[in-house]
Amino acid sequence: MPSWLVLGFQDSSSMSMGELSCLHDHVMTIMFSVIIFITYVMVYLLFTTKYYKFLSEGTFIETIWSMIPAFLLIILVLPSMKVLYMMEDLKSPVLSFKVIAHQWYWSYVVPLFKNFSFSLNSASFCSYEFDSMFEDGSEEVPRLLTCSSDFFLPVETSSRLFVTSTDVIHSFALPSLGLKVDALPGRINQLFTNPSRVGLFFGQCSEICGSNHSFMPISLKISSVYDYDAVSKSYLMDILSDNFSSSYKF
Ligand SMILES: [Cu+2]
């Protein structure tokens, strides 16, 4: 999770975020080498009094200084394309979730897993929806990141997130999983993730979406596949008992 004085990325929790961190380091290494070399040459030329007359024109040197940047661009673009395709390829997801942005909270539509179904008055459920509001917590919980209910995903399972919005443009972002996509009204964007470790992860809306933009955090709980049904069932029971507490017993 984000903490004070951390200037780099958060620890990665999925393979795609690990690859993104590696790509970042790769690009930075090349970029700083180029900056240092160019700065050295420019400063040297500013202060030198020598002039090498054959350097003002020469086919060989011009070929060299065209080939080297082209080569650098190729070694920058190849790993970038690899990560891009890795993140976009859906690889037949096991579960599909729907993430809906509102001013100013998130709601999630979660499928029930492993043939778990729930019937109430002869209607059976295969998915359900819950809202996740910002919660102004006490000192023990992370400030501006705590939600009333956590979104949850099973670990080491390919999941697909459909992201959309009901009002204005928001952006669903979870840095430690390397996820970020705009939530656009009238359009569905999709994300693919395969979390590699369990835990509680935080993100925030990353599009200036109105006066309470800072107060729509995302908290994601990644549990084991075996716990997923139990968590799912307890959420469903909570929602049903909130909505039908007077008429039904569970
Ligand atoms: Cu927003």
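These are my notebook entries on one predicted protein model.

**Entry 1. Overall content**

I began with the secondary structure and recorded three helices and 12 strands. I then looked up burial across the chain: of the 250 residues of the protein, 20% count as buried. For contacts between residues at least 6 apart in sequence, I noted that 66% join residues at least 24 apart.

**Entry 2. Helix α1**

I located helix α1 at residues 15-47, a run of 33 residues. From its first C-alpha to its last I read 48 Å, close to the 48 Å expected at 1.5 Å a residue. I asked how many of the residues of α1 are buried. The count is two among 33, and I entered the helix as hardly covered.

**Entry 3. Helix α2**

I placed helix α2 at residues 59-88, which gives it 30 residues. At 1.5 Å a residue α2 should span 44 Å, and I found its end C-alpha atoms 43 Å apart, so the two values agree. Helix α2 is also entered as hardly covered, since I found a count of zero buried residues among its 30. A residue needs 20 or more other C-beta atoms within 10 Å of its own to count as buried.

**Entry 4. The UniProt record**

I consulted the UniProt entry, which is unreviewed, and it lists residues 28-47 and 59-78 under "transmembrane region". I checked both spans against the model. Residues 28-47 are 100% helix and 0% strand, with end C-alpha atoms 28 Å apart. Residues 59-78 are likewise 100% helix and 0% strand, and their end C-alpha atoms lie 29 Å apart.

**Entry 5. How α1 and α2 lie together**

I described this pair by axis angle and axis distance, as is done for two packed helices. The axes of α1 and α2 come within 10 Å and cross at roughly 170°. That angle makes α1 roughly antiparallel to α2, because angles over 145 degrees count as such. I listed the residues that meet: on the α1 side they include Ser-16, Glu-19, Leu-20, Leu-23 and Ile-30, and on the α2 side they include Leu-72, Leu-76, Pro-79, Val-83 and Met-87. For the spacing within such a list I kept in mind that an α-helix has 3.6 residues a turn, so residues three or four places apart point the same way.

**Entry 6. The five-stranded sheet**

I traced an open sheet of five strands in the order β5-β2-β1-β7-β10, and its pairing is mixed. Strands β5 (127-132) and β10 (189-193) stand at the edges with a single partner strand each, so one side of each has no neighbour in the sheet. From one strand to the next, I noted an average twist of 20°. Within this sheet I looked at β1 (residues 95-102) and β7 (residues 159-165), which run parallel and are joined by seven bridges. As one register point I wrote down Ile-100, whose bridge partner in β7 is Thr-164.

**Entry 7. Strand β8 and its partners**

I turned next to strand β8 (residues 170-174), which is mostly covered, with four of its five residues buried. Which strands pair with β8? One is β9 (residues 179-183), in the antiparallel sense over five bridges. Another is β11 (residues 199-205), also antiparallel, over two bridges. For register I recorded Leu-174 opposite Leu-179 in β9, and Ala-173 opposite Gln-204 in β11. β8 and β9 form a hairpin with four residues between them, and Gly-178 in the turn has a positive phi of about 70°.

**Entry 8. Backbone exceptions**

I closed with a search for unusual backbone geometry, given that most residues other than glycine have a negative phi and most peptide bonds are trans. I found a cis peptide bond between Gln-103 and Trp-104, with omega about -5°. Trp-104 sits in the loop between β1 and β2 (105-111).

Leu-144, not a glycine, has a positive phi of about 65°. I located Leu-144 in the loop between β5 and β6 (151-154). With 15 other C-beta atoms within 10 Å, Leu-144 is partly exposed.

Glu-156 also has a positive phi, of about 50°, and is not a glycine either. I found Glu-156 in the loop between β6 and β7. Is Glu-156 buried or partly exposed? I entered Glu-156 as partly exposed, because 13 other C-beta atoms lie within 10 Å.

Note on methods. Residues are numbered from 1 along each chain as its sequence is written. This is a predicted model: local features need pLDDT of at least 70, side-chain atom pairs count only at pLDDT 80 or more; totals for chains, interfaces and linings use all residues. The expected span of a helix is 1.5 Å times one less than its number of residues. A residue is buried if 20 or more other C-beta atoms lie within 10 Å of its own, exposed if 12 or fewer, and partly exposed in between; C-beta atoms are placed from the backbone. Two strands pair if DSSP finds at least two bridges between them. Axes are lines fitted to C-alpha atoms, for helices over the stretch in contact, and angles run from 0 to 180 degrees between N-to-C directions. Two residues are in contact if their C-beta atoms, placed from the backbone, lie within 7 Å. UniProt positions are given in the numbering used here, feature names are shortened, and annotations may be inferred rather than shown by experiment. Angles under 35 degrees count as roughly parallel, over 145 as roughly antiparallel, 65 to 115 as roughly perpendicular and the rest as oblique.
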